[in-house]
Amino acid sequence: MSESDQEDIKPGEEGTSAETVIDGISALQTEIAELKTKMIRQQADFQNSQRRAAREVLEARQNADADFAKSMLAVMDHFDMALSVDPAKTDSKQLLNGVKITYDELKKVLQNRGIESFDATGKPFDPHQHEAVMQEASEKFPPMTVIQTFQQGFKIGDRILRPAKVKVSK
């Protein structure tokens, strides 16, 4: 403050007494305490929201896993029936038919979940969708083309669950 400002303030005027300064400090301390309390509550609310969100994600995952497991029980039932058959009383045609029924049931369960196999044969090699396990010279296919699929790839939507194991032309 300059000397001229100090001359304008007269002793006993409001805002100049020690009581007013103390009251101002007290008000600021009260405001600081209230803001600290508010901040602590906000932090606690945020942490609770994080815990609740994590718990909801876990529950959703467990529910999805349970639904998938339930749909797989029919496939398990078919395997149980196949394994309980007396081989001496069953011919290979019946056994093969049972395996086909089980396979079809499994495909249906996977398709209902949006899981699909994809055939790579004849398509350009894509390292995101294919895993090259062999290479072979080919006159029939251009270079870097899948000429044989050893193991089908699977995807869910656009996401690759398992790349196809393939032979690629040189």
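## Salt bridges within helix α3

In this predicted model, the side chains of lysine 100 and aspartate 104 form a salt bridge with an N to O distance of 3.1 Å. Both residues belong to helix α3, which covers residues 92-112, and they stand four residues apart, or about one turn of the helix. Lysine 100 is partly exposed at a relative accessible area of 48%, and aspartate 104 is likewise partly exposed, at 36%.

Helix α3 also holds lysine 108 and glutamate 105, three residues apart and separated by about one helical turn, whose side chains meet in a salt bridge at 3.9 Å, N to O. Lysine 108 is partly exposed, with a relative accessible area of 42%, whereas glutamate 105, at 18%, is buried.

## A salt bridge between strands

The side chains of glutamate 136 and lysine 167 meet in a salt bridge of 3.2 Å, N to O. Because glutamate 136 lies in strand β2 (residues 130-136) and lysine 167 in strand β6 (residues 164-169), the pair ties together parts that are 31 residues apart in sequence. Glutamate 136 is partly exposed, with a relative accessibility of 35%, while lysine 167 is buried at 10%. The count of salt bridges comes to three.

## The chain as a whole

The protein chain contains three helices and six strands, which run α-α-α-β-β-β-β-β-β from the N terminus. Its radius of gyration is 37 Å, where a compact globule of 170 residues would have one near 15 Å, and the C-alpha trace spans about 115 × 50 × 20 Å along its principal axes. Of the 170 residues, 11% count as buried.

Conventions. Residues are numbered from 1 along each chain as its sequence is written. This is a predicted model: local features need pLDDT of at least 70, side-chain atom pairs count only at pLDDT 80 or more; totals for chains, interfaces and linings use all residues. Side-chain values use heavy atoms; hydrogens and water are left out. Helices (H or I, at least four residues) and strands (E, at least two) are DSSP runs, numbered from the N terminus. The radius of gyration is taken over C-alpha atoms; the globule rule is 2.2 Å times the number of residues to the power 0.38. Buried means under 20% relative accessible area, exposed over 50%, partly exposed in between (1.4 Å probe, protein chains only). A salt bridge is a side-chain nitrogen of Lys or Arg within 4 Å of a carboxyl oxygen of Asp or Glu.
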